[in-house]
Amino acid sequence: MTALVLGATGFVGREVVRQLCVRGAAPVAHVRPDSSKLEEWKQTFGEQGAIVDATPWDAGALAQTFKTLFSRGAGQLFICIGTTRSKAKTDHVEGNIYEKVDYGLTKLAVDAAVGSETRPRLVYLSSVGANPKASSKYLAWRGKAEEVVMQSGLPWVIARPSIITGERDESRVGESAAAVIGDGLLAVAGVLGGKKLRDKWRSTTPDVLAAALIRIAEAPESDKIYDGAELR
Ligand SMILES: NC(=O)c1ccc[n+]([C@@H]2O[C@H](COP(=O)([O-])OP(=O)(O)OC[C@H]3O[C@@H](n4cnc5c(N)ncnc54)[C@H](OP(=O)(O)O)[C@@H]3O)[C@@H](O)[C@H]2O)c1
């Protein structure tokens, strides 16, 4: 089984790579070729036992990479990609950043997987509340990205976690504050009988989420959306 992780340098993606390595899976960690930290990532992932791939974000090039990796049979394509306002600014992404990155790169990867004529399982890291009709731009484009995954004709699983918290390279004060306040309120809701609500919305951590992503990647059944307690 070959596993390729897109977004391998992210908070969650890097933990998926690490945990796959611990299991002896020798995953392929995708790093964008123009990453200023490409050499650092090659070293870090190499020491863990992963192989670094730096195929450009181009449908034809990615299809070729997928063909090489997945043509021997079943495989897993983890998609842990997404941007934030500050990251998009650094990357000089303008306009609708969620359409261009969260949706755009997911669509590009899924189209490339279909074009490669191989059949990896798509393991898509989405978000609680994703819905093409959501009023939030972020959630709407996440919902549209989910549709691309579900309509690909490939086997898929989707994870919809709530806030992912923990120590990041860069500070995300809003995220940490939302996790603390939200979890406090949800603890009260849990005591008052809102256990499902609490499970769905309470924060998680990259290690717990990565383990869940690997688990749902391997689950016998596919074409399923997971959230709440199923991701713990
Ligand atoms: N954080 C949360 O609380 C939360 C909650 C629910 C769902 N999610 C979803 O889960 C996804 C992953 O979360 P995370 O915390 O692991 O995100 P993250 O740490 O920001 O990682 C995002 C990944 O996407 C890549 N990326 C971003 N912009 C790119 C671009 N323009 N071109 C190519 N690659 C790009 C990054 O590569 P570089 O390292 O090279 O920039 C990185 O590998 C998020 O996108 C988010 O929508 C997050």
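This is a short tour of the structure, stop by stop, with something to select at each one.

**Before you start**

What you have open is a predicted model, where local features need pLDDT of at least 70, side-chain atom pairs count only at pLDDT 80 or more, and totals for chains, interfaces and linings use all residues. Residues are numbered from 1 along each chain as its sequence is written, and side-chain values use heavy atoms, with hydrogens and water left out.

**Stop 1: the ligand and its shell**

Select the ligand, then show the residues around it. There are 27 of them, where being near means that one of a residue's heavy atoms lies within 4 Å of the ligand. Thr 9, Arg 32, Lys 87, Tyr 138 and Arg 168 come nearest.

Try colouring this shell by class. You'll find 12 nonpolar, 7 polar and 8 charged residues. In this scheme Ala, Val, Leu, Ile, Met, Phe, Trp, Tyr, Cys and Pro count as nonpolar, Asp, Glu, Lys and Arg as charged, and the others, Gly among them, as polar.

Now colour by domain. Domain 1 (2-161 + 205-231) and domain 2 (165-203) each give at least three residues to the shell; those bounds come from an automatic or database domain assignment.

Which helix gives the most to the shell around the ligand? Select α5, which supplies 3 residues. Both α5 (97-115) and α6 (137-150) supply at least two. The helix and strand labels follow DSSP runs, numbered from the N terminus: helices are H or I with at least four residues, strands E with at least two.

**Stop 2: backbone atoms facing the ligand**

Stay with the ligand and switch on the backbone. Here you can look for polar contacts, meaning pairs of N or O atoms within 3.5 Å; within protein, one must be able to donate a hydrogen and the other to accept it, and residues adjacent in sequence count only if both atoms are side-chain atoms.

- Gly 10: a backbone N or O atom sits 3.2 Å from a ligand oxygen.
- Ile 81: a polar backbone atom is 3.4 Å from an oxygen of the ligand.
- Ile 164: here the distance from a polar backbone atom to a ligand oxygen is 2.8 Å.

How much of the ligand does the protein bury? On its own the ligand exposes 900 Å², and the protein buries 88% of that. Accessible areas come from the Shrake-Rupley method with a 1.4 Å probe, and for residues only the protein chains shown count as cover.

**Stop 3: salt bridges**

Next, select the charged side chains. Side chains of opposite charge can pair when their charged atoms come close. The structure holds 9 salt bridges, each being a side-chain nitrogen of Lys or Arg within 4 Å of a carboxyl oxygen of Asp or Glu.

Start with Arg 18 and Glu 15, whose closest N and O atoms are 2.8 Å apart. The two are 3 residues apart in helix α1 (residues 13-22), so about one helical turn separates them. Is Glu 15 buried or exposed? At 13% relative accessibility, Glu 15 is buried, while Arg 18 is partly exposed at 36%. The cut-offs are under 20% relative accessible area for buried, over 50% for exposed and in between for partly exposed (1.4 Å probe, protein chains only).

Move on to helix α2, where Glu 39 and Lys 42 also lie 3 residues apart, about one turn of the helix. Their salt bridge spans 3.7 Å, N to O. Glu 39 is exposed at 56%, and Lys 42 is partly exposed at 39%. Then select Glu 221, Lys 224 and Glu 230: salt bridges with shared partners join them into one network.

Finish with Asp 91 and Arg 32, paired at 3.0 Å between the closest N and O atoms. This pair links distant parts of the chain, 59 residues apart: Asp 91 is in the loop between α4 and α5, and Arg 32 is in the loop between β2 (28-30) and α2 (38-48). You met Arg 32 earlier among the residues nearest the ligand.

**Stop 4: two loop residues**

Select His 92, in the loop between α4 (85-90) and α5. His 92 has a positive phi of about 60° although it is not a glycine, and at 67% relative accessibility it is exposed.

Asp 223 also isn't a glycine, yet has a positive phi of about 60°. Look for Asp 223 in the loop between α9 (206-218) and β7 (224-227), where it is partly exposed at 45%.
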